[in-house]
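Me: I'm new to reading protein structures. Could you walk me through this one with a few questions and answers?

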Amino acid sequence: MSSVDVVDIPVGPQHPALKEPINITCFVEGEHVIGARVRVGYNHRGIEKAGENQSYIQNLYIAERICGICGVVHAFSLAQATEDIIGKEIPRRADYIRTIALELNRIHSHLLWLGVAAHEIGFDTLFMYVWRDRELVMDVIEDIMGNRVTYAIVTIGGVRRDIPPEKAERLLRVMDVLEEKMKKYRQMCIEEKTLRMRADGVGILRKEDAIALCAVGPTTRASGVPFDVRADDPHAAYDEIPFNVVTYDTCDVTARILVRVDEILESINIIKEAIKKMPEGPIRVRLPRVVQPGEGVGRTEAPRGEVIHYVKSNGTDRPFRWKVRAPTLANMLSVPVMLTSRGDYVVHIADVPITFASIDPCISCTDRAVRFIDVSKGKSWVWTFSQIKRIYWRR
Amino acid sequence: MKVGLIDWARIRSPWIIHFNTGACNGCDIEVVAALTPRYDVERFGIKLVGSPRHADILVVTGPVTKQVEKRLKRIYEQMPEPKFVMAVGNCCASSGAFKNCYNVYPGLDNVIPVDVYVMGCPPKPEAIIYGVVKLIEKLQGGGG
Amino acid sequence: MTLEEEVVERLKAKFGDRILEAKVQRARRIFVTVDRSTYKEVVKFLKDEIGVTHVSTMSGVDTLERFEVIPHFSYKGIVISVRSIIPRDDPVIDTISDVIPGALFYEKEIHEMFGIDIKGHPDLSHLELPDDWPEGLYPLRKDVKLEDLFKLTKEER
């Protein structure tokens, strides 16, 4: 069990600054960060309450907008929970198409993050290259799903669109091109000295803390915890497609970068296998609009980690209760731990932006503000991520 | 369209600040994509800045949650005149998919004045760039 | 015997009829119901004897007759949902964050959304709701209507 008390950092009196709507507060002594608090709720909208007043199908659309980057994982989890209650199997071809949608989503999301992480480390050139190559994936997503960002492909009972052979062909070609590029990016991430300098040993989350705090996704896999919903709780077509659960055990930002880079390569393989093995047949089964009383839990491995939905039905066409837990919330508890210096592990102010970014927080891409409170000097100030980078890295 | 763009890019390079009011990030990633090589909105002189004091255009995404209202207003107030607001996405126009959500306002124009609405959920980068073009025309004194 | 059935057997063997209900819905989905006096003991048993370390989330439910707090644990791919029944006129339950620290944020959320007091939780300040949210207004309670909540944001300005 973790020896760090994550909620109560004993570093002085309640500071009035903590009331401000700033997400991250860091307690510092000089240049060293000795504790942190994270405040979520920035984009609390009230979706679960709205869900009780909308039909299951309407909720699929709102689910996809819980997070625009990984929306399909939420639509899938809601569908899976509801399908469990109804108790009917969906067509196998739909499972495969869902798998392809989920993996394409993982690829675009990890590439997006890689660019953002490069930006946080001060490598804007890498950011531009990665986002340019990401457009190949966005094109093929638009080709197959009909839309770049919100796919609307999952429905209750299957999927809404098929993948005809010519689209499957185009998809395979893009996967081949991307695979070559990814191997180069992987080499770059391993060999680039300045990147390694800013990522090695930074943002440490020990394995025992990752487990105690129930971290998920690449964040926990980079701390050596082999937790991946696709392997542990096989769904869609993952039971028939072999793949590796990627883990690294250095527990730092470098590990989180490498986990995601390797996962892109794994996703490319999963998609190729899925196209090869996809059976013929229908893509959806008509399920009743009114769902019999019951409860279900839907889960998948989003790019950021485990996503879980709980649905309780009451014999109407609207859920009685719909609970969503997106992966970023599960990893938020670990951020203060990563930002706390202890013993030989020293956290510098300069490390804050990339450490926060390394959990791939599903919060906007805009500049984050951090309130700093210097405990020894009794001073407090606000810097944005870009200000921190300008001050500490003259690049 | 190309000639028109070069004309006003010579006249004025608009600087943009981007603010997310509780969006799902769908619009944000398409706004950021507009800056990347495929769309490269920077060749029109458009630049993303970090401070409202340097910005001409406030690009807003999201359905405006209760939590961010004060900060949004403060950013708008800190922008020097003449200033313009571009609402990106259906959420800004009318809360979009979040109509039944209790913690969001029914549209950005309930909170600050809006000059251009770019519809879509999310709008593609091409649509966002077109929205900027429309706004530039407005900056020049043309169209309403 | 499947692993799911084994977990259910061990729970029944340890707690007898204090397990009000335990069913395997399908592969890797177990639902258990207990009343709140058994709740924490079951969680400790799952951790210490079965080896559960991961809580995926915790769902609060208001059925109008009662409250429910349901931690959803993940154990070797199995989702074990442990429903604790809480009387609506005495909304208190023990924290499990001292057993599994990962529960900290999920309990905060249940507290602010349902007004259920989590005994022993170190910090029940708001997780998702804004700081200026009206005191005593618990959005996910069934007797709080959407129209009432709309008054906070949807009025004409």
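**Where chain C meets chain A**

Me: How much area is buried between chain C and chain A, and what share of the area do carbon and sulfur atoms give?

Reply: Happy to help! Keep in mind that this is a predicted model. The size of an interface is often given as the accessible area lost when the parts come together. Between chain C and chain A the buried area is about 3800 Å², and the share from carbon and sulfur atoms is 56%.

Me: Which three residues supply more than any other three of the area that chain C buries against chain A?

Reply: The contact involves 52 residues of chain C and 42 residues of chain A. Of the area that chain C buries here, 14% comes from one trio, more than from any other three residues: Phe105(C), Glu128(C) and Leu140(C).

Me: How many salt bridges does the rule find across the interface of chain C and chain A?

Reply: Let's start with an example: the side chains of Glu109(C) and Lys323(A) are 3.2 Å apart, N to O. A salt bridge needs such atoms within 4 Å, so this pair qualifies. Across the whole interface of chain C and chain A, the rule finds a total of 10.

Me: Now for helix H3 of chain A: how many of the residues of H3(A) are buried?

Reply: Helix H3 of chain A covers residues 71-86, and its end C-alpha atoms are 23 Å apart, which agrees with the 22 Å expected at 1.5 Å a residue. H3(A) is largely enclosed by the rest of the structure, because the buried count is 16 of the 16 residues.

Conventions
Residues are numbered from 1 along each chain as its sequence is written. Chains are lettered from A and ligands numbered from 1 in the order in which they are written. This is a predicted model: local features need pLDDT of at least 70, side-chain atom pairs count only at pLDDT 80 or more; totals for chains, interfaces and linings use all residues. Side-chain values use heavy atoms; hydrogens and water are left out. Helices (H or I, at least four residues) and strands (E, at least two) are DSSP runs, numbered from the N terminus. The expected span of a helix is 1.5 Å times one less than its number of residues. Buried means under 20% relative accessible area, exposed over 50%, partly exposed in between (1.4 Å probe, protein chains only). Contact means heavy atoms within 4.5 Å. Buried area is the accessible area (1.4 Å probe) that two parts lose on being put together, summed over both.
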